[in-house]
Amino acid sequence: MLEEVERWLSRRSWSTAERPLERMLAAKHRTGTTVSVVLPALDEEATVGEIVATIRRELMTASVPLVDELVVVDSGSRDRTAEVAAAAGARVVHRDTILPRLPALPGKGEVLWRSLLVTSGDVVCFVDADLKDFDAAFVSGIVGPLLTDPEVDFVKAMYDRPLGATAGQGGRVTELVARPLLNLHWPQLAGVVQPLGGEYAARRSLLERLPFPVGYGVELALLVDALHTVGLDALAQVDVGVRKHRHQDGQALGRMAAAIYRTAQLRLSRGHLVRPELTQFERGDHGFVPRTYAVDTEERPPMREIEEYQVHRAA
């Protein structure tokens, strides 16, 4: 590990206990910083309501006004995600109603990118909507450094990721794909514990300057691009405990891995893929059947280049 990274780990890795709520609230009041929380959601009726209710109950009260805005962006759910989220107290916005002149593309990154147009906070905090046993520290922990330290621009949550009853075995794509890529090509990011984690917060002034891959590659892209835009010392991570969520099957992980590799490749070469597809195999009645999927190749430009966003921010 680079000496620079070792120093970063000692200076920019914290636990939630290091920033009590009172300190964060005092800093928020002093600076006037506003905070938006965004939950991208697709068919998450089983978990989204409890996440929303917990944030409202613990971080959006008269005595603890840490979060100013809580938005669930529904990317086409076929279940009761939108209804459950609204009943729990979130403002729910459908992906397709945001920036309607650009037809929406499928993918998590698309939802996160569009969310910048329907939120107003100086700090934007993203939280996946499939978390179980949700703790409000997933929000307050990663928002805290952005409120108390003006030199920090981007904060990732770090946590244990159990796979079923087995500790530390979640994050398979992280260990098999993302971590090797980062260590080999962006060694300054070797100290990031959960580079693909969906819980992170950043200053709007940074997010609006970054391109967003529309799919699974968005977390890797934002991390790498933030490094190049603001430097390692502006990045940080906070230990928030244990993350429990729904796990993907092996083939879905393969598609995720391909998208992440493509995202890294694009940033290494800014060239074109010869064949942006991935073929996987499923056993059928007469042997293995190939299934070919397109690998996400679209990226949205920095949001500050979008005319509607300029108008929204000027309003």
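This note goes through selected helix pairs, strand residues and loop residues of the structure, which is a predicted model.

1. Helices α3 and α4. Helix α3 spans residues 48–59 and helix α4 spans residues 81–88, and the two pack at an angle of about 20° with their axes 8 Å apart. Since angles under 35 degrees count as roughly parallel, α3 and α4 are therefore described as roughly parallel to each other. The crossing of this pair, α3 with α4, is right-handed. On the α3 side the contact is made by V48, G49, V52, A53 and R56, while α4 contributes T81, V84, A85 and A88. Sorted by class, the contact of α3 with α4 consists of six nonpolar, two polar and one charged residues.

2. Helices α9 and α10. A second pair is formed by helix α9, residues 218–230, and helix α10, residues 250–269, whose axes lie 9 Å apart and whose packing angle is about 25°. With that angle, α9 and α10 are therefore also placed in the class of roughly parallel helices, and their crossing is right-handed. The residues that meet are L220, A221, V224 and D225 in α9 and I260, T263, A264 and R267 in α10. Of the residues in the contact of α9 with α10, five are nonpolar, one is polar and two are charged.

3. Helices α7 and α10. Helix α10 also packs with helix α7, residues 172–185, and here the axes come within 9 Å and cross at roughly 10°. That angle makes α7 roughly parallel to α10. From α7 the contact draws on R172, V173, V177, L181 and H185, and from α10 it draws on L253, M256, A257, I260, Y261, A264 and L268. The contact of α7 with α10 divides into ten nonpolar residues, one polar residue and one charged residue. A reader following α10 through the model may note that I260 and A264 appear in the contact with α9 and are listed again in the contact with α7.

4. Residue Q237. Strand β10 covers residues 235–242 and includes Q237. The relative accessible area of Q237 is 1%, and because buried means under 20%, this residue counts as buried. The side chain of Q237 reaches the backbone nitrogen of V193 at 3.0 Å. When neighbours within four places in sequence are left aside, Q237 is in contact with W8, L9, R12, S13, W14, V155, K156, M158, G191, V192 and V193, so that V193 figures both in this list and in the side-chain approach just described.

5. Residue V238. V238 also has its place in strand β10, and with a relative accessible area of 1% this valine is buried. Not counting residues up to four places away in sequence, V238 touches W14, S15, T16, G141, I142, P145, V155, K156, A157 and M158. The C-alpha atoms of V238 and G144 are separated by 9.1 Å, although the two residues stand 94 residues apart along the chain. W14, V155, K156 and M158 are among the contacts of V238, and they are also among the contacts of Q237.

6. Residue D160. D160 is found in strand β7, residues 154–160. At 48% relative accessibility, D160 counts as partly exposed, because the exposed class is reserved for values over 50%. Beyond its neighbours within four places in sequence, D160 is in contact with G241, V242 and R243. For D160 and R243, which are 83 residues apart along the chain, the C-alpha atoms are separated by 6.1 Å.

7. Positive phi angles in two loops. Which residue in the loop between β4 and α5 deserves a look? L99 lies in that loop, between β4 (91–94) and α5 (108–115), and L99 has a positive phi of about 55° although it is not a glycine. L99 is buried, with a relative accessible area of 5%. D133, in the loop between β6 (131–132) and α6 (137–148), likewise is a residue other than glycine with a positive phi, in this case near 50°. At 63% relative accessibility, D133 counts as exposed, since that class begins over 50%.

Technical notes:
Residues are numbered from 1 along each chain as its sequence is written. This is a predicted model: local features need pLDDT of at least 70, side-chain atom pairs count only at pLDDT 80 or more; totals for chains, interfaces and linings use all residues. Side-chain values use heavy atoms; hydrogens and water are left out. Helices (H or I, at least four residues) and strands (E, at least two) are DSSP runs, numbered from the N terminus. Buried means under 20% relative accessible area, exposed over 50%, partly exposed in between (1.4 Å probe, protein chains only). A polar contact is a pair of N or O atoms within 3.5 Å; within protein, one must be able to donate a hydrogen and the other to accept it, and residues adjacent in sequence count only if both atoms are side-chain atoms. Contact means heavy atoms within 4.5 Å. Axes are lines fitted to C-alpha atoms, for helices over the stretch in contact, and angles run from 0 to 180 degrees between N-to-C directions. Angles under 35 degrees count as roughly parallel, over 145 as roughly antiparallel, 65 to 115 as roughly perpendicular and the rest as oblique. A crossing is left-handed if the near helix is turned anticlockwise from the far one by less than a right angle, and right-handed if clockwise. Ala, Val, Leu, Ile, Met, Phe, Trp, Tyr, Cys and Pro count as nonpolar, Asp, Glu, Lys and Arg as charged, and the others, Gly among them, as polar.
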